[in-house]
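The following paragraphs lead the reader through a structure, taking charged pairs, a pocket and a surface patch in turn.

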Amino acid sequence: MREIQASEITQVIAQMCKRANYQLPDDIKDCLLQAYQKESYPIAKETLGVLKENLELASQIKRPICQDTGMACIFVEIGQDVHVNGHLTDAIHEGVRQGYQEGYLRKSIVRDPVLERVNTQDNTPANIHYDIVPGDKLKLTVAPKGFGSENMSRIKMMKPSDGIEGVKRFILETVEEAGPNPCPPIVIGVGIGGSFDTVGLLAKKAMLENAKAHHPDPRYAAIEKEMLEKVNALGIGPAGFGGGTTALALHIQTAPTHIAGMPVAVAICCHVARKMEVEL
């Protein structure tokens, strides 16, 4: 049994919250650069150039890429042979609290969603997801999620008879309805299967995959490629100004489901697709 101190987790989460807001992962940066080089529509190319410059400046001067520093979404893969000395959940919340205060990151969480929309002043509680895996490692993923794009995500309880063509239509309808609101170019995660309460998480995990990766099943990999091309053919373009770069990446994750249903979720993220992983 391997022991990890809760205080170490707090320190790591605090640093990750700051760094994730200051710099994008290499896969997203590379996709944005490739889109800039490929884009032929002048206004779209100019817009991508501004986004690229913003990313570079944010990294250099240690300032947030976007003023919306997001809800702190934390994904935890904890090995079954790991023992955390202290309270793991409290340690994560404290890390978020410290990171957002030390980094002067905008605090965006309200304590009640409807009746008392009072800011908690420290961006907690974080949105934490746990997976127990084999081994003695602890992997932490911090993904600050802005809500301009989160508000454009959708879930639909489809019928099995809708088939894959129904799924494709739903993806395109979701992106088209979103238009310029999620600050394109966007990153899209699609979840298919599971149940109402799990398909959204499936889509969010798909959204966080390496932008250059492909689904291991060649059938789904082909659908990812087809839908990315169709999304970009919508002509929404960077910031909604038109052009051929509406999305940078699209990934699909699936799960077994009930014979009577086919839940589908489309998770949308702006080009500031922040994510950072650390393994302890």
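With which residue does Lys275 form a salt bridge? The model is a predicted one, and in it the partner of Lys275 is Asp27, with 3.0 Å between the closest N and O atoms. Lys275 belongs to the loop between β9 (262-269) and β10 (276-279), whereas Asp27 belongs to helix α2, so the pair ties together parts that are 248 residues apart in sequence. Both Lys275 and Asp27 are buried. Side chains of opposite charge can pair when their charged atoms come close.

This pair is part of a wider set, for 21 salt bridges are found when the whole structure is searched. Another of these involves Glu150, whose side chain meets that of Lys145 in a salt bridge with an N to O distance of 3.1 Å. Lys145 has a relative accessibility of 2% and therefore counts as buried, since the term applies under 20%. Glu150 also forms a salt bridge with Lys204, where the closest N and O atoms are 3.2 Å apart. Because Lys204 lies in helix α7 (residues 196-207) and Glu150 in helix α5 (residues 147-150), this pair ties together parts that are 54 residues apart in sequence. Lys204, at 11% relative accessibility, likewise counts as buried. Elsewhere, a network of salt bridges links Glu165, Lys168, Glu226 and Lys230.

Attention may now turn to the largest pocket, which holds about 620 Å³ of space. Its lining consists of 23 residues, and those that lie nearest the centre are Lys38, Leu228, Asn232, Ala247 and Leu248. Which elements each supply at least two residues of this lining? They are α2 (26-38), α8 (218-232) and β8 (247-257). Helix α8 gives the largest share, with six residues. Helix α2 thus appears in two settings: it contains Asp27, the partner of Lys275, and it contributes to the lining of the largest pocket. In character, the lining is mixed, with ten nonpolar, seven polar and six charged residues.

The last feature is on the surface. Tyr41, Ile43 and Phe241 make a nonpolar surface patch of about 290 Å². Of these residues, Tyr41 is located in the loop between α2 and α3 (42-61). Why does Tyr41 count as partly exposed? The reason is its relative accessibility of 36%, which falls between the limits of 20% for buried and 50% for exposed.

Key:
Residues numbered from 1 in each chain as written. Predicted model: local features only at pLDDT ≥ 70, side-chain atom pairs only at ≥ 80, totals over all residues. Heavy atoms only, no water. 1 Å grid on protein atoms, 1.4 Å probe; cavity = no way out; pocket = protein on both sides within 12 Å on 5 of 7 lines; lining within 4 Å. Points joined across faces, edges and corners; volume = space filled by probe spheres on them. Helix = DSSP H or I, 4+ residues; strand = E, 2+ residues; numbered from the N terminus. Nonpolar A, V, L, I, M, F, W, Y, C, P; charged D, E, K, R; others polar. Patch = residues over 30% accessible without salt bridge, like charges linked within 9 Å, V, L, I, M, F, W, Y side chains within 5 Å. Areas by Shrake-Rupley, 256 points an atom, 1.4 Å probe, with all protein chains shown as cover. Salt bridge = Lys/Arg side-chain N within 4 Å of Asp/Glu carboxyl O. Buried < 20%, exposed > 50% of the residue type's maximum accessible area, 1.4 Å probe, protein only.
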